[in-house]
Amino acid sequence: MTGLAGKVALVTGGSRGIGAAIATRLAQDGADVALTYLSAGDRAKSVVADVEAAGRRGLAIAADSGDAAAVIGAVDRTVEEFGRLDILVNNAGVFPYGSVDEVSLEELDRTLAVHVRGVFLASQAAVRHMGPGGRIISIGSCFAERVPYAGVSLYAMTKSALIGMTRGLARDLGPRGITATVVHPGSTDTDMNPADGEGADHERGFIAVGQYASPSDIAATVSHLAGEGGRYITGTAIAVDGGFAA
């Protein structure tokens, strides 16, 4: 157990993939963990079981990160259940894919709601409960720094927005001892982007180390930022992308 003992974390979109790995790692490192999910209730319960197996308290909250009231409610529910909130991981996401002329207004609004508005609202709600040592960690994307192929304009735009937001949060919250960072994962082996999926070999060609990340690779960096090791890291983005943006 590391320096996260006694801390409380909320991980949005924590029922699968990178979010599930983050929730589990934070628990293994000592934090009580709440997580949100949209529809995968059984998987969320499984992650809570993993949190509890690590000896920590877990909580699954049904909340759509594109719904303003649900986002704020998830923060409030976490504090009601655990009495505090120290770490917010903005992980929930969608992956729109298609040429810019194919993007519908509904898809544009949905992606902005989840990736930008939801992150802002969750962060705004969280800092009302955070004291010195608080952490806001947002999960971005390697596409925020480099877009080597077509079809991800909307996704890249919304993930890039997290960089400016995080820099602003760092300035707003630094005097209060709260840090804000972005973690940019590269290609990561999840059910959304499996390492043996169609197009994976093409994607590997952009990665300097030539292989996909494991969700645990991303979770390790998040845990470092959430703990004492992250106390002097704020207002910046850290790539965990195997050299994708090199």
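## A buried aspartate and its partner

At 9% relative accessibility, Asp-86 counts as buried, because the cut-off for buried is under 20%. This value, like the others in this report, comes from a predicted model. The side chain of Asp-86 meets that of Arg-84 in a salt bridge, with 2.7 Å from N to O. Arg-84 has a relative accessible area of 38%, so this residue is partly exposed.

## Other salt bridges

The count of salt bridges in the model comes to nine. One of them joins the side chains of Asp-32 and Arg-56, at 3.3 Å from N to O. Asp-32 belongs to strand β2 and Arg-56 to the loop between α2 and β3 (58-62), so this pair ties together parts that are 24 residues apart in sequence. Asp-32 is buried, and its relative accessible area is 5%.

Another salt bridge is formed by the side chains of Arg-43 and Asp-191, at 3.0 Å from N to O. Arg-43 is in helix α2, while Asp-191 is in the loop between β6 (179-185) and α6; the two are 148 residues apart, and the pair links distant parts of the chain. Arg-43 is partly exposed, with a relative accessible area of 39%. Asp-191 is also partly exposed, at 44%. A network of salt bridges links Arg-16, Arg-43 and Asp-191.

## The nonpolar cores

In soluble globular proteins, nonpolar side chains tend to be buried together. In this model the largest nonpolar core has 30 residues. The members that touch the most other members are Val-11, Ile-22, Leu-26, Val-33, Val-89, Val-183 and Val-222. Two or more residues each come from β1 (8-11), α1 (17-28), β2 (32-37), α2 (41-53), β4 (87-90), β5 (135-139) and α7 (215-226). Helix α1 gives the largest share of this core, seven residues.

A second core, separate from this one, has 29 residues, and Leu-59, Val-71, Leu-88 and Ala-180 are among them.

Val-183, a member of the largest core, has contacts well described by its partners beyond four places in sequence: Ile-137, Ser-138, Ile-139, Gly-140, Ser-141, Ile-218, Thr-221, Val-222, Leu-225, Ile-238 and Val-240.

## The largest pocket

The largest pocket holds about 1,000 Å³ of space. Its lining is made of 48 residues, and those closest to the centre of the pocket are Gly-93, Phe-95, Tyr-155, Thr-190 and Met-192. The elements that each give two or more residues to this lining are α1, β2, α4 (105-127), α5 (153-173) and α6 (200-204). Helix α1 and strand β2 also give two or more residues to the largest nonpolar core.

By class, the lining of the largest pocket has 20 nonpolar, 21 polar and seven charged residues.

## Two cavities

A search of the whole structure finds two cavities of 30 Å³ or more. The largest cavity holds about 90 Å³ of space. Of the 17 residues in its lining, Thr-12, Ser-65, Val-71, Gly-118 and Ala-122 are the closest to the centre. Helices α3 (68-82) and α4 each give two or more residues to this lining. The lining of the largest cavity divides into ten nonpolar residues, six polar and one charged. Val-71, one of the residues closest to the centre of this cavity, is also in the second nonpolar core.

The second largest cavity holds about 30 Å³ of space. Its lining consists of Pro-96, Tyr-97, Gly-98, Val-103, Glu-107, Gly-151, Val-152, Ser-153, Leu-154 and Tyr-155. Helix α5 gives the most to this lining, with three residues. Six of the lining residues are nonpolar, three are polar and one is charged. Tyr-155 is in this lining, and Tyr-155 is also one of the residues closest to the centre of the largest pocket.

## An exposed residue in β3

Ala-62 is placed in strand β3. Its relative accessibility is 54%, so Ala-62 counts as exposed; the cut-off for exposed is over 50%. From C-alpha to C-alpha, Ala-62 and Gly-13 are 9.6 Å apart in space, while in sequence they are 49 residues apart.

Key: Residues are numbered from 1 along each chain as its sequence is written. This is a predicted model: local features need pLDDT of at least 70, side-chain atom pairs count only at pLDDT 80 or more; totals for chains, interfaces and linings use all residues. Side-chain values use heavy atoms; hydrogens and water are left out. A nonpolar core is a set of buried Ala, Val, Leu, Ile, Met, Phe, Trp, Tyr and Cys residues joined through side-chain atoms within 4.5 Å. Buried means under 20% relative accessible area, exposed over 50%, partly exposed in between (1.4 Å probe, protein chains only). Helices (H or I, at least four residues) and strands (E, at least two) are DSSP runs, numbered from the N terminus. Contact means heavy atoms within 4.5 Å. On a 1 Å grid over the protein atoms alone, a cavity is a set of points where a 1.4 Å probe fits but cannot get out, and a pocket is an open set with protein on both sides within 12 Å along at least five of seven lines; lining residues have an atom within 4 Å of a point. Grid points are joined across faces, edges and corners, and a volume is the space filled by probe spheres set on the points. Ala, Val, Leu, Ile, Met, Phe, Trp, Tyr, Cys and Pro count as nonpolar, Asp, Glu, Lys and Arg as charged, and the others, Gly among them, as polar. A salt bridge is a side-chain nitrogen of Lys or Arg within 4 Å of a carboxyl oxygen of Asp or Glu.
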